[in-house]
Amino acid sequence: MVEPLTKNGKISRKGPVVLVIMDGVGFGKYKEGDAVAAAVTKNLDKLYASCPYTKLKAHGVAVGLPSDADMGNSEVGHNAMGCGRVFAQGAKLVANSIDSGEMYKGATWKKLIDNVKAKGSTLHFIGLLSDGNVHSHFDNLKKMVVEAKKEGVRKVRVHALLDGRDVGEMSALDYFDPFADFLKELSADGSFDARIASGGGRMVITMDRYNANWDMVKKGWYTHVLGEGRQFDSAHDAIVTLRKETGAIDQDLPPFVIAENGKPVGTIEDGDSVILFNFRGDRALEITKAFEADELKEFDRVSHPAVEYAGMMEYDGDLHVPRQYLVSPPAIDRTMAEYLCATGIRQFSISETQKFGHVTYFFNGNKSGKYVEKLEEYLEIPSDIVPIEQTPSM
């Protein structure tokens with residue numbers, strides 16, 4: 001039971017308190033390349049000169065990430081602001097669980113591995129192929145593929161999304177080429193068959209969030225599951241060709257399917273196992289629903305294969321989504337919203353769709369719904385679905 005906030009006699013004020021989270025605004029070390037430092041910010045300058053303030057670190061161990069080399073992100077930042085404490089976050093929890101071997105001892109991993117071994121079926125991995133460590137890390141994926149082979153899995157297919165957002169915008173081949181070589185080497189002895197099966201830019205397929213654009217998820221389903229789409233001999237060829245044709249950066253690259261003799265190499269079929277290896281929840285919930293829902297109204301799946309599906313983590317602790325997951329998320333309690341409700345103070349949270357879950361779900365410790373309905377009001381302003389580089393303002 002959370003107790004009401006203790007009254008502080010040193011503070012006397014009237015009217016509301018406003019917490020404004022300015023996405024992308026921070027204190028940089030250098031003015032060159034720093035849009036905030038170079039901008040005319042008269043009001044901010046006035047506040048800095050006349051009001052008490054402090055600086056907070058928004059990356060690395062200060063917000064629960066594995067090391068200070070890890071870039072901060074909206075999830076961990078809003079978690080920290082919302083609860084005022086540091087919790088080990090998804091990136092750290094997943095890395096620790098894999099490196100210690102604990103994940104492989106878990107019931108979910110064993111169930112998915114045993115399923116494909118018993119049925120002679122395929123183990124699929126879907127997720128963001130980069131080392132951005134915001135939604136995923138390809139080192140985790142490589143270690144899981146190695147372990148799968150060690151445990152007797154014969155066939156693995158990877159449905160790899162291009163990043164270009166948490167890493168360099170044209171860096172995909174820095175990840176895809178070495179990863180393809182890694183899979184080829186792992187498969188060289190003939191006992192194992194691992195390949196990239198499909199892909200596309202993260203802002204085009206699969207990774208929509210907050211129900212903003214379900215067409216992205218539909219495109220991902222048709223690409224990864226059904227194997228429908230433009231075919232290429234390799235991910236390298238697909239990326240090079242599509243870049244040349246579209247001029248798009250990685251996150252906006254169209255979907256592609258890897259095929260041999262006109263047949264996709266990695267459709268998802270009845271009896272397969274599927275792991276969504278992204279650990280962050282916001283862009284994982286919709287594709288998870290597409291796999292788990294008995295009936296889906298958002299788009300026509302055409303086929304809904306009966307698979308063993310698991311997420312890297314539990315993406316929503318209240319709704320318990322997905323039903324199966326590999327690593328338990330941080331249990332964040334005693335959030336600011338919880339304390340304010342216990343004190344009887346009203347709250348109003350407002351944002352565009354693209355950040356709505358950040359000031360509600362993430363801010364409230366990865367909790368869906370309200371603590372006290374009559375004390376909390378949410379207002380979501382629908383975001384457009386124009387690429388963010390065309391309309392970066394919110």
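Which residues do ring pairs link into a cluster with Trp-214? The answer is Trp-221, Phe-291, Phe-299 and Tyr-309. Keep in mind as you look around that this is a predicted model.

**Rings that pair up**

That cluster is part of a bigger tally, since the count of aromatic pairs comes to 13. Let's pick out two of them. Phe-27 and Tyr-48 make a tilted pair, with 5.6 Å from centre to centre and 45° between the planes. This pair ties together distant parts of the chain: Phe-27 is in the segment before α1 (35-38), while Tyr-48 belongs to helix α2 (residues 42-50), and the two are 21 residues apart. Phe-27 is partly exposed, at a relative accessible area of 47%, and Tyr-48 is partly exposed too, at 30%.

Now for the other pair. The ring centres of Phe-138 and Tyr-175 are 5.4 Å apart and the planes meet at 90°, so this pair counts as edge-to-face, because an angle over 60 degrees earns that label. Here, too, distant parts of the chain are linked: Phe-138 is in helix α7 (residues 138-150) and Tyr-175 in helix α8 (residues 172-186), 37 residues apart. Phe-138 is buried, with a relative accessibility of 12%, and Tyr-175 is buried as well, at 10%.

**Charges over rings**

Back to Phe-27 for a moment. The charged end of Lys-55 sits over the ring of Phe-27, 4.7 Å from the ring's centre. You can find another such arrangement at Tyr-371, where Lys-367 lies over the face of the ring, 4.6 Å from the ring centre.

**Two helices side by side**

How do you describe two packed helices? You give the angle between their axes and the distance between the axes. For helix α4 (residues 90-100) and α7, the angle is about 25° and the axes are 11 Å apart. Angles under 35 degrees count as roughly parallel, and α4 and α7 are therefore roughly parallel to each other. Their crossing is left-handed. On the α4 side, the contact is made by Val-94, Ala-95, Ile-98 and Asp-99, and on the α7 side by Asn-140, Lys-143 and Met-144.

**A mostly covered helix**

Next, take helix α9 (residues 214-224), where eight of the eleven residues are buried. Among them are Trp-214 and Trp-221, both members of the ring cluster we began with. Met-216, Val-217, Gly-220, Tyr-222, Thr-223 and His-224 are buried too. What do the buried residues of α9 pack against? Their partners are the strands β1 (123-128), β2 (155-162), β3 (193-201) and β5 (256-260), plus the helix α11 (285-292).

**Backbone oddities**

Most residues other than glycine have a negative phi, and most peptide bonds are trans. This model has some exceptions to look for. One is the cis peptide bond that joins Val-321 and Pro-322, with omega at about -5°. Pro-322 lies in the loop between β8 (308-313) and β9 (325-327).

Two others are residues with a positive phi, although neither is a glycine:

| Residue | Phi | Loop | Relative accessibility |
|---|---|---|---|
| Asn-211 | about 55° | between β3 and α9 | 52%, exposed |
| Arg-334 | about 50° | between β9 and α12 (336-343) | 40%, partly exposed |

Why does Asn-211 count as exposed? The cut-off for exposed is over 50%, and Asn-211 is at 52% relative accessibility. Arg-334, at 40%, is partly exposed.

Technical notes:
Residues numbered from 1 in each chain as written. Predicted model: local features only at pLDDT ≥ 70, side-chain atom pairs only at ≥ 80, totals over all residues. Heavy atoms only, no water. Phe/Tyr/Trp six-rings, centres within 6.5 Å; stacked < 30°, edge-to-face > 60°. Helix = DSSP H or I, 4+ residues; strand = E, 2+ residues; numbered from the N terminus. Buried < 20%, exposed > 50% of the residue type's maximum accessible area, 1.4 Å probe, protein only. Lys NZ or Arg CZ within 6 Å of the ring centre and 35° of its normal. Axes fitted to C-alpha atoms, helices over the stretch in contact; angles between N-to-C directions. Parallel < 35°, antiparallel > 145°, perpendicular 65-115°, else oblique. Left-handed = near helix turned anticlockwise from the far one by under 90°. Contact = heavy atoms within 4.5 Å.
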